[in-house]
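Trainee: Could you pick one small part of this model and take me through it closely, then work outwards to whatever surrounds it? Please give the cut-offs as you go.

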Amino acid sequence: MNQRVVVLNGAKMNYDGKLDFSVLSPDTVVYDDSQADEIVERIDGAAAVITKEMPVPSDIIQRFPDSVKLIVEAGTGYNNIDIEAAREKGITVCNIPAYSTQRVAHTAIMLLLNLASSMREQMAMLAKGDRRNFTEHLMVPHGEVNGKILGIIGAGHIGREVMNIAIVLGMEVVVYTRTPRPDENHITYTNLETVLRTCDYLSIHCPLTDKTRHLIDKDAIALMQPSACIINTARGAIIDEPALIEALQEHRLAGAGLDVQETEPPAADSPLYTMNNVILTPHMGWKGLGTRQRLVHIIADDVRHFFDGNPINVVSQ
C-alpha cells in the first residue's frame, strides 16, 4: 500500500530544526517551503499531503495526481484549503483541532492581563529611558480583571479553556456561539450584540469562514464600550483591521492584543507596530516546542488512521 507522505512547508512548523517528521510514515519527504507552481510536481506519487496554513486553492487541487487521497492541514483552521475542490477530487481533508488548546488559551489570557496592566506602554517608557513609573507614581492605567466581563466568540476547545481560566480569575463570561447552549456557572450564552455591548474584554476563538470574515467590523466595534479591549488569537481576517486601527486611534476602543493579523506579517508601515494601546505578537500561540511536537504526533495519528481505513479529524470527505 502506498504510504508516501509529502510535507510541503515543513519549515513553518520546524523553523528551529527540532522536530522529527519521520514519525509520519516510513516514506516521508519534507520540503521547507513550496511555491504554488512546485506543488503538483512535488506531490507526484504521494498518498498524503501535509500543509501548514498554506494556500491550496481549487486550481491546484484539480491538478493533484490521483495518488493523493488525503490532505492534512497541520492546524485548527483549514480556510486555506478549498474543501469543495478536494471533495470533488475525492480527497479527504483532515485538520488538527486540539493540539494547541492550552498554549493558545494561555496566549489570550497573557494578552488580556498585559492589556489590563498597560504593559505595552510601561515597556515602551522604559525603552525610552522614562522611569517615572518607578520614581514618581504609576503613570499608566493598571486595572483588575476580577469582576470584569469577558466576551467570547466561539466556544470550541480554545474558547472553553479561556473561559475556565477567566472564571478562576474572577471574571464573568458572556459567549456568542453558533450552537445554542444552556447557561453555566459564571457563563452566559447570548447573542453577538449583547456580547459586544456588555464585555470589558472580547476574545475571539471562532474559525475563519465566509460568515466570520470581518465579523468584527466598524458597526460591531461601534457597539462596544470605549473602555473595552479586543483580543484575537484565532484568525486575523475575522476583524476588519482598518476599522480596528481607526477605532483605536480615535480612542473608541481602549486596546487590542493581536496574535494574528489580517496580513501576516503586517506591512512594514502598519501602525499596529507602534501604537501604545496595541500588543502585537507574531502568531506565536501554537509555536512552543512542546506544542509543535504534539502537533507532529497528532498529524501522524491522522495519517495512520487514514491508511488503516478509519480516518479521524475529518472536515471533508
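Mentor: Let's start with R42, which is found in helix α1 (residues 39-42). Helices here are DSSP runs of H or I with at least four residues, strands are runs of E with at least two, and both are numbered from the N terminus. Before going on, keep in mind that this is a predicted model: local features need pLDDT of at least 70 and side-chain atom pairs count only at pLDDT 80 or more, while totals for chains, interfaces and linings use all residues. Residues are numbered from 1 along each chain as its sequence is written, and side-chain values use heavy atoms, with hydrogens and water left out.

What does R42 touch, leaving aside its neighbours within four places in sequence? The contacts are V6, L8, Y31, D33 and S34, where contact means heavy atoms within 4.5 Å. For a sense of scale, take G129: R42 is 87 residues from G129 in sequence, and their C-alpha atoms are 53 Å apart in space.

Of those contacts, V6 is the one to follow, as it leads into a sheet. V6 has V29 as its bridge partner in β2, and it also stands opposite V49 in β3. Behind the first of these, β1 and β2 run parallel and are joined by four bridges; behind the second, β1 and β3 pair in the parallel sense over three bridges. Two strands count as paired if DSSP finds at least two bridges between them.

Zooming out, these strands belong to an open sheet of six, ordered β2-β1-β3-β4-β5-β13, with mixed pairing. β2 (27-30) and β13 (314-316) are the edge strands, each pairing on one side only. On average, neighbouring strands in this sheet are turned by 25° against each other, direction ignored; the axes behind such angles are lines fitted to C-alpha atoms (for helices, over the stretch in contact), and angles run from 0 to 180 degrees between N-to-C directions. Further along the sheet, β4 (residues 70-73) and β5 (residues 92-94) pair in the parallel sense over three bridges, with L70 standing opposite T92 in β5. Helix α11 (residues 289-307) packs on this sheet and touches β1 (4-7), β3 (48-51), β4 and β5; its direction makes about 160° with that of β4.

Now for some side chains. R292 lies over the face of Y15, at 4.3 Å from the ring centre. Similarly, the charged end of K52 sits over the ring of W286, 4.2 Å from its centre. For such a case, NZ of Lys or CZ of Arg must be within 6 Å of the ring centre and within 35 degrees of the ring normal.

There is a charge pair to look at as well. Side chains of opposite charge can pair when their charged atoms come close. K12 and E53 meet in a salt bridge at 3.6 Å, N to O. K12 is in the loop between β1 and β2, and E53 is in the loop between β3 and α2 (58-61), so the pair ties together parts that are 41 residues apart in sequence. The whole structure has twelve salt bridges, each being a side-chain nitrogen of Lys or Arg within 4 Å of a carboxyl oxygen of Asp or Glu.

How does the record carve this up? An unreviewed UniProt entry lists residues 27-315 as "domain: D-isomer specific 2-hydroxyacid dehydrogenase catalytic". UniProt positions are in the numbering used here, feature names are shortened, and annotations may be inferred rather than shown by experiment. That span is 33% helix and 16% strand, and its end C-alpha atoms lie 25 Å apart. The unreviewed entry also places "domain: D-isomer specific 2-hydroxyacid dehydrogenase NAD-binding" at residues 109-285, whose end C-alpha atoms lie 11 Å apart.

To finish, there is another sheet. Seven strands form an open sheet with parallel pairing, in the order β8-β7-β6-β9-β10-β11-β12. Its edge strands are β8 (187-189) and β12, each pairing on one side only, and the twist averages 15° from one strand to the next. Helix α10 (residues 241-249) packs on this sheet, touching β10 (229-232), β11 and β12, and its direction makes about 140° with that of β11. Within the sheet, β6 (residues 149-153) and β7 (residues 172-176) pair over five bridges in the parallel sense, and I149 stands opposite E172 in β7.
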